[in-house]
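Let's take a walk through this structure together, starting at the ligand and working outward. Please have the model open beside you as you read.

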Amino acid sequence: MRIGFIGLGNMGSGMAANLLAAGHEVTAYNRSPEKAAALVERGATAVTTIADACSGDVVISMLADDPAVESVTFGDGDTAGILTSLPQGAVHVSSSTISVALADRLTAAHAEAGQHFVSAPVFGRPEAAAAAKLFVVAAGDPAVVQDLSPVFDAVGQRTFAIAPGPKTANLVKLSGNFLIASVIESLGEAMALVGKAGVDKQQYLELLTSTLFAAPAYQTYGGLLARREFEPAGFAAHLGLKDVRLLLAAGEQLEVPLPIGSLLRDRFLSLLAGGGRDLDWSALGALAEWEAGGARPAPD
Ligand code: NAP
């Protein structure tokens with residue numbers, strides 16, 4: 001397929017490389033153009049405008065947050081966005097973790113322009129993106145989602161086509177990140193407790209993950225916490241806060257109280273206020289140790 005790829009950050013760079021490896025023709029755009037260089041070496045064409053990335057069958061966006069997706073899709077000042085650049089009948093696949101409300105707006109705007117919109121957020125960190133091991137949660141017109149399976153197969157190990165309405169995928173993705181953040185917080189508290197009593201954290205983690213907690217979330221985040229490996233960030237703490245805020249907005253819209261979500265929002269604020277904005281979001285779990293008299297999550 002002829003694919004435009006917009007957003008070559010921690011996640012997008014690996015995803016675009018795997019599309020190339022699977023034989024797709026990739027035209028890549030990134031706001032900071034130097035990030036396209038590694039991809040060009042693998043056979044991509046780098047372009048300097050969003051419009052130039054929109055000439056294929058599909059354009060995939062993998063951007064930081066709602067404002068980034070809004071400006072890239074709807075345009076910014078004199079800069080044309082995806083909406084005015086994509087041919088009729090072509091598809092915009094949004095893989096960013098964005099709000100349910102923005103997914104709804106994008107669905108309507110693309111339909112009005114005679115284009116298709118599919119939400120396809122992903123589970124998995126940058127290592128999984130680089131290894132084509134993501135889990136893709138896809139929602140949109142079932143026929144369009146089906147046609148996109150070679151694209152999803154190139155970036156992930158499994159695709160869940162969950163609903164005809166794109167926003168459902170965004171809601172599911174936000175709910176998943178809420179669960180991960182809950183694990184990070186509770187694991188951090190448990191580790192602070194046993195760690196202060198002298199238990200070796202790595203040994204403790206091995207006990208957990210080889211018995212009742214043998215799940216990737218515990219393995220990955222427990223390892224990062226035990227090693228205090230918060231830099232470089234695979235997923236930055238400020239993006240974690242963004243996801244909790246989007247979760248709470250979705251809960252408010254649906255009138256679903258999410259008390260643990262509210263707590264996590266405040267925990268992320270503490271982490272950011274303490275200088276942890278650009279640390280990996282696993283540093284959230286290190287707040288408990290700090291509050292128990294231990295080291296700060298962010299280095300002084
Ligand atoms: P990242 O490394 O910070 O990359 C963000 C990308 O967005 C960069 O390409 C950046 O361009 C671009 N961008 C930001 N603001 C922009 C704007 N106003 N206009 C145009 N481009 C803009 O983030 P990431 O970790 O790849 O995450 C990307 C998305 O995937 C986020 O929604 C995140 O929540 C989600 N996600 C992340 C992970 C993870 O573990 N990292 C896992 C699953 C999902 P520049 O290079 O110019 O800054």
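How many Å separate an oxygen atom of the ligand from an N or O atom in the side chain of arginine 31? In this predicted model, that distance is 2.9 Å. Lysine 35 offers a similar kind of pairing: an N or O atom of its side chain is 2.6 Å from an oxygen atom of the ligand. At leucine 63 the partner belongs to the backbone instead, with a polar backbone atom 3.0 Å from a ligand oxygen. Taken on its own, the ligand has 910 Å² of accessible area, and the protein covers 85% of it.

Now let's widen the view to the whole shell. The ligand is surrounded by 26 residues, and the closest are Asn30, Ser32, Lys35, Gly234 and Lys242. Sorted by class, eleven residues of the shell are nonpolar, ten are polar and five are charged. Both domains take part: domain 1 (2-164) and domain 2 (171-291) each provide at least three residues of the shell. If you look for helices here, turn to helix H3 (66-74) and helix H12 (237-254), the elements that give two or more residues to the shell. H3 has the largest share, with three residues.

Next, find helix H1, which spans residues 12-21. Is this helix largely enclosed or largely open? Eight of its ten residues are buried, so the rest of the structure largely encloses H1. Among the buried residues are Met15, Leu19 and Leu20, along with Gly12 and Gly14. After H1 comes glycine 23, which has a positive phi, near 95°.

Let's move on to the nonpolar packing. In soluble globular proteins, nonpolar side chains tend to be buried together. The largest nonpolar core in this model holds 37 residues, and Phe268, Leu271, Trp281 and Leu284 have the most contacts inside it. Helix H9 (167-196), helix H10 (201-209), helix H11 (216-226), H12 and helix H13 (259-276) each supply at least two residues of this core. Of these, H9 gives the most, with nine residues. H12 is thus one to remember, as it appears both in the ligand shell and in this core.

Our last stop is leucine 171, which sits in helix H9. Leucine 171 has a relative accessible area of 34%, so it counts as partly exposed. Leucine 171 is 109 residues from methionine 62 in sequence, and their C-alpha atoms are 17 Å apart in space.

Terms used: Residues are numbered from 1 along each chain as its sequence is written. This is a predicted model: local features need pLDDT of at least 70, side-chain atom pairs count only at pLDDT 80 or more; totals for chains, interfaces and linings use all residues. Side-chain values use heavy atoms; hydrogens and water are left out. A residue is near a molecule or strand if one of its heavy atoms lies within 4 Å of it. A polar contact is a pair of N or O atoms within 3.5 Å; within protein, one must be able to donate a hydrogen and the other to accept it, and residues adjacent in sequence count only if both atoms are side-chain atoms. Accessible areas come from the Shrake-Rupley method with a 1.4 Å probe; for residues, only the protein chains shown count as cover. Helices (H or I, at least four residues) and strands (E, at least two) are DSSP runs, numbered from the N terminus. Ala, Val, Leu, Ile, Met, Phe, Trp, Tyr, Cys and Pro count as nonpolar, Asp, Glu, Lys and Arg as charged, and the others, Gly among them, as polar. Domain bounds come from an automatic or database domain assignment. Buried means under 20% relative accessible area, exposed over 50%, partly exposed in between (1.4 Å probe, protein chains only). A nonpolar core is a set of buried Ala, Val, Leu, Ile, Met, Phe, Trp, Tyr and Cys residues joined through side-chain atoms within 4.5 Å.
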